[in-house]
Every structure is written in structure tokens, then in C-alpha cells.
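Me: Hi! I'm in my first year and I get lost when I try to take in a whole protein at once. Could you pick one part, look at it closely, and then show me how it connects to what's around it?

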Amino acid sequence: MNAVIMAGGFGTRLRPITCNIPKPMVPVANIPMMEHIVNLLKQYNLKNICSILYFQPEIITKYFGDGSDFGCEMNYVMATADYGTAGSVKNAESKLKGEPFIIISGDVLTDFDLDKAIAFHREKKAMATMVLTRVSNPLEYGVVMTNDDGNISRFLEKPSWGEVFSDTINTGIYILEPDIFKYIPSQTEFDFSKNLFPLMLKENLPLFGYIADGYWKDIGDISEYRLAHRSVLDGAVQVNIPGSRLNMIGRDVWVGANSRIGSKVKLKGGVIIGANCQIEDGVELQNSILGDGCVVQAGARISDSILWERVYVGARVRMDEAIISNDTQIRDGGVIENGAVISEDCRIGENAIVRSNVKIWPRKVVEEGSTVFSSLVWSDKWTKNLFSNNGISGLANLEITPEMVCKVGAAFGSTLPKGTSVSTSRDSHNFSRIINRALICGLASAGIHAADLRVMPASVARFKLGAFNRAAGLHVNLSPNDQNHIEIKLFDNEGRDLSPSQQKPIERLFNREDFRRVALSEVGDITFPARVAEYYRDEMLTHLDVEPIKKKKMRIVVDYAFSGASTIFGGILGRLDCEVISLNAHHEESGAYRPPSEFRRSLEHIAQIVKSLGADVGLMLDPNGERLFFIDDQGRLVLGEQSLIAWVALILGVNPTARFAVPVSTTHVLETMAKKTGATVIRTKTSCRALMTAALQQKVVFCGDQHGGTIFPDFQPAFDGIMSAGRLLEYLAKSGQPLSKLIEELPKFYTESRQLPCPWEVKGKVMRYAMEFARDKETLLVDGIKVFTGEGEWVLILPDPDKPYVEITVESGSIKRAHELMQEMVKKVENWKAAEE
């Protein structure tokens with residue numbers, strides 16, 4: 001009799017441990033599942049084996065080869081498509097040589113007596129025999145009913161409890177006669193349980209069921225995978241275990257060749273240790289399996305866990321009911337909690353914590369001291385810093401989940417006085433609404449009241465929180481840079497992003513889950529303030545010189561980017577006697593994010609309208625109402641540093657001695673402009689928070705960056721595209737000249753920026769070499785290292801705080817020289833990265 005192993009499974013429910021191997025190759029007790037099946041077949045002299053492969057077949061064929069190393073003859077059939085269980089076996093018909101055969105899955109664990117099943121099949125002269133077993137919960141299997149002689153009378157795939165008529169189920173092991181192929185069509189999706197067996201019942205063909213004694217488990221998911229190992233350790237299933245069994249009273253311990261175990265290692269319950277392992281003194285192992293080549297350092301405690309090959313476990317690690325795949329490292333002091341699953345080639349840093357039931361996909365890095373609360377799937381790294389330059393951000397519904405941000409809300413609320421109020425707001429996307437509500441839940445649980453503004457531009461939500469007795473605020477929106485990312489901005493009662501000193505307590509409480517829990521009577525309320533937008537609008541009008549704008553009677557084109565700014569700014573423009581052509585002035589979920597290509601097309605569309613209608617200016621707000629982009633009356637786009645220079649020119653036109661703040665990364669043409677009129681330039685760090693702080697502390701009239709962000713501190717110390725639009729109209733009206741003339745007169749500048757990949761571990765080295773490069777040169781150390789290399793020429797080397805990159809920015813007197821300077825600096829940084837020490 002031949003044997004067929006069904007080995008085409010994807011193992012989707014076993015991910016992430018099956019991301020890079022087919023399910024039949026997942027190890028059970030240090031041997032692939034499929035090898036256990038091969039050993040079972042060989043035990044009953046079933047040595048002519050045909051394996052049907054589909055997903056990653058090369059891994060299986062490389063391991064088993066022709067079968068000679070395993071005492072059998074192994075053939076393979078590669079499925080070209082998913083033809084179902086019976087259809088895929090039909091493709092192997094020629095390999096089975098017209099003989100009876102047994103079919104068994106390559107991803108089950110069983111010790112059934114196959115001789116008895118085959119004898120039953122022959123005795124009954126069956127065309128097909130289903131091997132059956134009895135289970136306590138039959139809902140996940142095909143339930144089968146047989147009559148007294150074993151003839152199958154009824155079966156049902158995956159019934160509900162109301163449909164259960166037996167606890168006898170189909171194990172997926174079948175004994176078949178070659179005549180069965182007459183009833184299986186070729187190159188057609190055809191399944192044993194859904195198609196073939198119902199056909200046999202209908203045609204009254206000899207279909208029997210043999211109820212087997214012994215152990216059987218379908219290893220369908222992570223939970224069943226753990227239970228299968230527990231069965232092995234408890235001796236509930238008879239399988240081959242590599243290594244030597246030690247005679248130890250009260251313990252069942254297997255140890256592979258060349259493994260070294262310290263004399264003071266504590267072994268409890270069942271333990272399997274693979275070959276070439278090193279277990280140091282002070283380690284405690286209980287009911288666990290370690291694969292070949294594992295290293296466990298002193299003081300580690302591992303219980304009820306499964307480690308694959310070459311796993312490194314550092315000193316004092318605590319691991320309970322975990323699954324760790326090949327080549328992963330858990331550094332000193334790490335904690336892997338119940339149910340965590342870590343895939344291959346991951347790095348868990350010192351004192352990091354992986355919380356219960358978290359799954360980490362292959363080749364991820366968890367920084368030292370971090371706490372991982374949700375599964376790490378797409379990002380390469382989990383850092384201990386909850387906050388980035390963009391607030392709290394991550395992949396929507398994968399890294400930033402409702403349950404995770406509920407904890408953020410609780411941590412944030414725990415840093416605020418009990419009973420105070422926080423303003424909450426969001427963009428129009430549905431997921432932003434979900435996250436906003438989850439944050440409110442966390443805040444309320446910590447005794448904080450939420451004043452929910454619902455859909456509101458962030459610039460309006462930040463405005464004069466103190467005037468409404470708000471202790472702080474938050475805003476949720478899709479990332480403007482990635483439609484799959486969500487951002488959460490937390491700000492203080494002045495509307496500024498939280499400072500690092502304010503962020504740290506929130507991170508600490510979040511990582512420890514040490515939240516304030518108030519009594520039921522102290523749980524926070526939720527209110528919906530009604531006049532915030534009206535108050536903002538009235539205050540903005542008092543801060544604008546409206547008469548010149550009214551007198552000018554401007555014609556403007558405004559793209560509101562589907563944001564809530566339309567109702568606010570639209571009302572303001574009406575009071576300014578402007579003729580307005582409005583675009584995208586309604587809320588739309590899809591408008592919460594604009595990819596770069598669409599952003600550019602939108603600006604070009606505004607430019608066409610400006611030219612065709614003879615408008616004075618075109619304006620586009622970002623979806624959060626925080627940034628403003630504009631087009632001159634000739635339809636020319638004014639973007640990047642050119643827009644910043646334009647703002648400075650407009651401000652100096654009305655206030656020649658103004659003080660203004662800009663990031664250290666922007667052009668020094670601004671210093672030249674300021675020097676001519678007696679103005680003052682303040683250089684700040686490149687973060688939004690730095691500009692907001694300058695707006696409060698440096699007595700400036702304007703802060704701006706090269707990305708469309710502008711702050712007018714007399715109104716509020718935060719980026720505000722709506723107020724900026726009003727100020728732009730005011731300055732244009734006062735200048736008495738078209739915007740195009742001002743743009744034509746702006747000084748020329750030549751800057752270039754580039755991001756270079758730079759691993760985290762060499763960033764410090766790069767910056768050290770940069771300081772050596774800066775020696776004996778004029779240097780500015782505001783943010784990164786800014787080195788003046790010649791007249792009107794400088795370079796800035798700035799490590800990215802959130803990503804493994806270093807950003808290089810240069811400026812020179814010509815495009816050619818700026819490009820040459822960039823090439824020189826790129827070469828230097830690459831050499832610094834590669835330098836051996």
C-alpha cells in the first residue's frame with residue numbers, strides 16, 4: 001500500500017511562526033510535524049510515500065530529498081493550483097501505480113495504529129474508509145455517524161451545536177482504493193468531505209468509518225500547537241524524541257548530543273533540550289522544549305515555552321508560555337509574558353517586555369527597556385519611546401489600535417489633576433473617530449472630563465485652551481505622509497505639543513500600565529462644546545487689520561482639503577468682502593489624506609483657476625488646517641523654502657525690525673534679508689515644538705518652516721493655516737502690489753537635502769566624526785551639527801530621531817556648487833559609517 005501526505009498547507013493560523021516555512025515543517029518536539037508522520041508511516045511499513053506540495057515546496061523537498069535518509073522512498077507532486085483535497089490527490093494518480101493508498105495530513109500529530117485501520121478497510125471491502133476519532137468539542141471538525149457495521153450513514157462539516165449528532169469526527173486520514181479516481185474529475189476543485197464523500201453516499205458506494213484508538217490532534221492554530229507539545233511532555237502521544245532520556249526521579253528530561261547543562265540548573269516536569277545547547281547555572285526550565293543550538297544564560301527562568309533552534313536567552317530573562325522561533329535573541333532581563341509568539345531572527349533588547357498574547361513577525365527589533373503592547377507586524381522596530389516627532393503615530397489598526405490608545409488616554413489622564421478637562425478633536429476619517437473615542441474612554445477612567453469637539457481643524461482645537469478651562473488637548477488625524485498611518489497629537493493648555501519632560505511621565509505610566517483608577521462617582525464626563533469655532537472666528541477677526549482687506553476686495557481661490565476649516569474660514573472671508581471660489585469645502589472621509597501626487601495636482605488645479613479667473617491669490621489648507629500653501633496671481637506655486645522667504649519679505653514690508661524664528665535647517669538668505677532692515681533671525685531646532693516654544697519665549701512676531709507651517713504668536717503659539725491665510729491677505733492688501741511681483745523680487749537661494757540610511761548603532765559614531773570635521777570651523781549646535789564651510793556655504797548633519805537615517809542639508813552660491821557639496825558630504829558620511837574602530 002502506498003501513502004500520500006497532504007503537505008500543501010499555508011499555516012495562516014500559525015503565523016507568525018509560519019511566515020517563512022510551510023506548516024508541515026513547523027517543529028513539534030524538535031522534529032518537523034511532517035517527519036513525525038513519515039515516522040508513523042514507516043512504523044507500519046508504509047514506505048512508498050508521495051507528498052503533495054503547494055506552499056514553499058522547496059523547503060520540504062530539500063529537507064526530505066528522495067527519502068533515503070528517512071528509510072522510505074519519497075516522491076513529490078507540485079500543485080499548480082488549489083484543486084481541493086481530492087483534486088490535488090487526483091494529480092498524483094500516476095505516482096500511485098494503481099494500488100490502494102492511505103492519505104494523511106502532514107500537519108497533524110497522531111499515534112494511531114494504522115495496521116488496524118488498514119485491516120478494517122480490507123475486511124469491509126471498502127472503496128473508501130475514513131479514520132475517525134472521538135472528541136469533546138466536535139464543532140471545528142466534520143461530524144460522522146456510522147451504523148453497527150461501520151458503514152457511514154451521515155456526516156456534516158463543521159456543524160453548530162444545534163446540528164451536532166455525534167462526537168465522532170473525521171481525522172482527515174483516508175484509506176482508498178484506486179477505483180476512487182473514477183469519481184474525481186481532473187483539473188477541477190474537488191474536495192473529499194464536500195464533494196467526493198457526499199457523492200459516494202448518494203451512489204451508495206462502500207464508504208466506511210473506522211473509529212481509531214490513540215492520540216490525534218489537528219495542529220491548526222497557536223493554541224493547538226502549545227497543547228500538542230504539552231501532550232508530548234505528558235507522554236499522551238507516542239512520538240520519536242531526539243536525544244537521550246535521563247533517569248531523573250519526578251522529571252522526564254531528554255537531552256541532545258553535545259549539550260552542556262550546568263550542575264545547578266533546575267529542571268521541573270517534562271523538558272526536552274536539543275543538541276549543542278548551553279544551559280548555565282541558575283537557570284530554571286519547566287515543561288519546556290529547547291531546539292538545537294540554544295543558549296540560556298544564568299538566572300533565566302523558562303516555563304511552558306517552546307524555543308526553536310539557535311535561540312539566545314540572556315541572563316535573568318523571564319519567559320512563560322511563549323513560542324520563540326529560530327535565531328531570535330532575548331537579551332538580559334527581558335520578560336516574555338504568557339501567550340507571546342516571537343518569530344525568527346528577532347532582537348528583543350535588554351529589560352524589554354513583550355506583553356501577553358503579543359505576536360512579533362520576523363526580523364523585528366524591540367529596543368531595550370521597551371514594552372510591546374500590540375503585535376509588531378509591519379514596522380521594523382518597536383521603540384521604548386511612545387512619542388515621535390509626529391506625536392504618537394503608527395499603522396492604523398495594527399500598531400495604533402483602540403485598545404492600545406485607551407491605555408494612552410489613561411496614561412495621559414493620570415498625569416493631569418483629577419477632575420480637570422481635556423479638549424479632544426479629530427479629522428473626518430472613521431478610524432480617527434474610533435481612536436478619538438478610545439482615548440476619551442481612557443481619559444474618563446482616570447477621572448478626566450473630555451470636551452469633544454468632534455471634527456475640527458487641529459489649529460482651532462489648539463486655540464486658547466486655557467480660556468475654556470482645559471488642562472490640555474489632543475487631536476487625531478491620518479498622517480499627511482502615509483494614508484495607512486494614524487497620528488495622535490497631545491498638547492498643553494497653551495496649544496503647544498507636549499515637551500519631552502511632559503511626554504516622559506506618560507510613557508512611563510503607559511509602559512508600566514500604572515494608571516490612576518478613580519471611583520465610579522469620579523469617572524470623567526463627556527461634553528460637546530458648541531461655540532469653540534465661533535469664538536475662534538471672532539478672535540481671529542480682532543487680530544486682523546480688516547479694513548485694508550475689505551478695501552482691496554480680493555478675489556481668491558481656496559481649497560479646504562475636505563477639512564472642517566471651510567465653515568470657519570468661509571465665514572471669515574465673508575466678513576472681509578472677498579470674492580471666494582471654494583474647492584473641496586465639504587467633509588469627506590477619503591479627503592483626510594492626500595498622496596504627494598494628488599497634492600501636487602490639487603495645487604496645479606488651483607493655479608489654473610487663479611490664472612483663468614484673474615484671482616489675486618490661490619490658497620490650499622492641509623486637512624488639519626495647520627499648514628498653508630499658496631499660488632501667486634500668475635499661477636505660480638510658492639512652496640518649500642521659497643514660501644518661507646516670501647513670508648519673511650511680507651513681514652519685513654510691514655515691520656522692518658521684526659524678530660522671527662525659523663529652523664536651523666533653512667536657508668541663510670533669511671539672515672541677509674534681516675540684516676538689510678535691522679530685523680533679527682532666531683534659529684531653532686527643527687521640531688514643531690521648538691518653533692511653538694520660540695513663539696512663546698523669544699518675543700517674535702512670526703515663526704515658520706519650509707513645509708508650509710507658520711505661527712503668529714500674537715494670536716496663538718501653534719501652527720495655524722487659517723490665521724496664516726488671513727495674515728497673507730492682510731499683508732498683500734497693505735503692500736499694494738501683486739504677490740507675483742514680490743515673488744519675482746525674492747533673493748535666490750540654492751539648498752539641497754538628502755536622507756541617508758544610517759543604522760541606529762552607528763549614528764553616534766557618525767556624529768562624532770562630524771564634530772571632528774567641524775573642528776576649527778564656525779559651527780552651530782542648535783540641532784545636529786551645522787558647519788560653515790565657506791562664504792555663504794554650510795552643511796547640516798542631523799540624525800533622524802525616529803528612523804535609521806541621517807539627513808544632510810547643504811547651501812551654497814550656485815546649484816552646481818550645492819550639488820558638489822552634497823556629493824562630498826554624502827561620501828564623508830558613508831566613510832564615517834564604515835569606519836572600523
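Reply: Let's begin with W647. This is a predicted model, so every value here is computed from it. The relative accessibility of W647 is 3%, and since buried means under 20%, W647 counts as buried. What about F712? F712 also has a relative accessible area of 3%, so F712 is buried by that cut-off too.

Before we put those two together, a bit of background on ring pairs. How many aromatic pairs does the structure have? The count comes to 24. One of them joins F101 and F181: their ring centres are 5.5 Å apart and their planes meet at 20 degrees, so this pair is stacked. F101 belongs to strand β6 (residues 101-105), while F181 is in the loop between β11 (168-176) and α5 (192-202), so the pair ties together parts that are 80 residues apart in sequence. Are these two rings buried or exposed? F101 counts as buried because its relative accessibility is 0%, and F181 counts as buried at 5%.

Now back to our own pair. W647 and F712 are edge-to-face, with 5.6 Å from centre to centre and 65 degrees between the planes. W647 sits in helix α15 (residues 640-654) and F712 in the loop between β49 (710-711) and α18, so this pair ties together parts that are 65 residues apart in sequence.

That loop leads us to α18, and to see what α18 does we need the sheet. Picture an open sheet of 5 strands, in the order β42-β41-β43-β44-β45, with mixed pairing. At the edges you find β42 (579-583) and β45 (637-638), each pairing on one side only. Strand β44 (residues 628-631) runs antiparallel to β45, and 2 bridges join them. If you want a spot to look at there, F630 stands opposite V638 in β45. Helix α18 (residues 721-735) packs on this sheet, touching β41 (555-559), β43 (617-621) and β44. The direction of α18 makes about 165 degrees with that of β43.

Let's zoom in on one residue of that sheet. V558 lies in strand β41, and with a relative accessibility of 1% V558 counts as buried. Which residues does V558 touch, if we skip its neighbours within four places in sequence? The contacts are F569, L573, V580, I581, S582, L583 and L619. Take I581 from that list: V558 and I581 are 23 residues apart in sequence, yet their C-alpha atoms are 6.2 Å apart in space.

Remember F101 from the stacked pair? Its strand, β6, is worth a visit too. Here 5 of the 5 residues are buried, so β6 is largely enclosed by the rest of the structure. Both faces are covered: F101, I103 and S105 are buried on one side, and I102 and I104 are buried on the other. Strand β1 (residues 2-7) runs parallel to β6, joined to it by 5 bridges, and M6 of that neighbour stands opposite S105. β6 also pairs with β11, this time in the antiparallel sense, over 3 bridges. In β11, Y174 is the bridge partner of I103.

Rings turn up in other arrangements as well. F463, F468, Y535, Y536 and F715 form one aromatic cluster. Elsewhere, a charge meets a ring: the charged end of K777 sits over the ring of F773, 4.5 Å from its centre. K786 does something similar, lying over the face of W794 at 4.0 Å from the ring centre.

One last topic is cysteines. A disulfide is a covalent bond between the sulfur atoms of two cysteines. How many disulfides does this structure hold? It holds 0. For C688, the nearest cysteine sulfur is that of C703, 12 Å away, and C688 is in no disulfide. C688 has a relative accessible area of 23%, so C688 is partly exposed. The sulfur of C19 has its closest cysteine sulfur in C346, but the distance is 9.4 Å, which is too far for a bond.

To retrace the route: start at W647 in α15, step across the edge-to-face pair to F712, and follow the chain on to α18, which packs on the sheet.

Conventions
Residues numbered from 1 in each chain as written. Predicted model: local features only at pLDDT ≥ 70, side-chain atom pairs only at ≥ 80, totals over all residues. Heavy atoms only, no water. Pairing = 2+ DSSP bridges. Helix = DSSP H or I, 4+ residues; strand = E, 2+ residues; numbered from the N terminus. Contact = heavy atoms within 4.5 Å. Axes fitted to C-alpha atoms, helices over the stretch in contact; angles between N-to-C directions. Phe/Tyr/Trp six-rings, centres within 6.5 Å; stacked < 30°, edge-to-face > 60°. Buried < 20%, exposed > 50% of the residue type's maximum accessible area, 1.4 Å probe, protein only. Lys NZ or Arg CZ within 6 Å of the ring centre and 35° of its normal. Disulfide = S-S within 2.5 Å.
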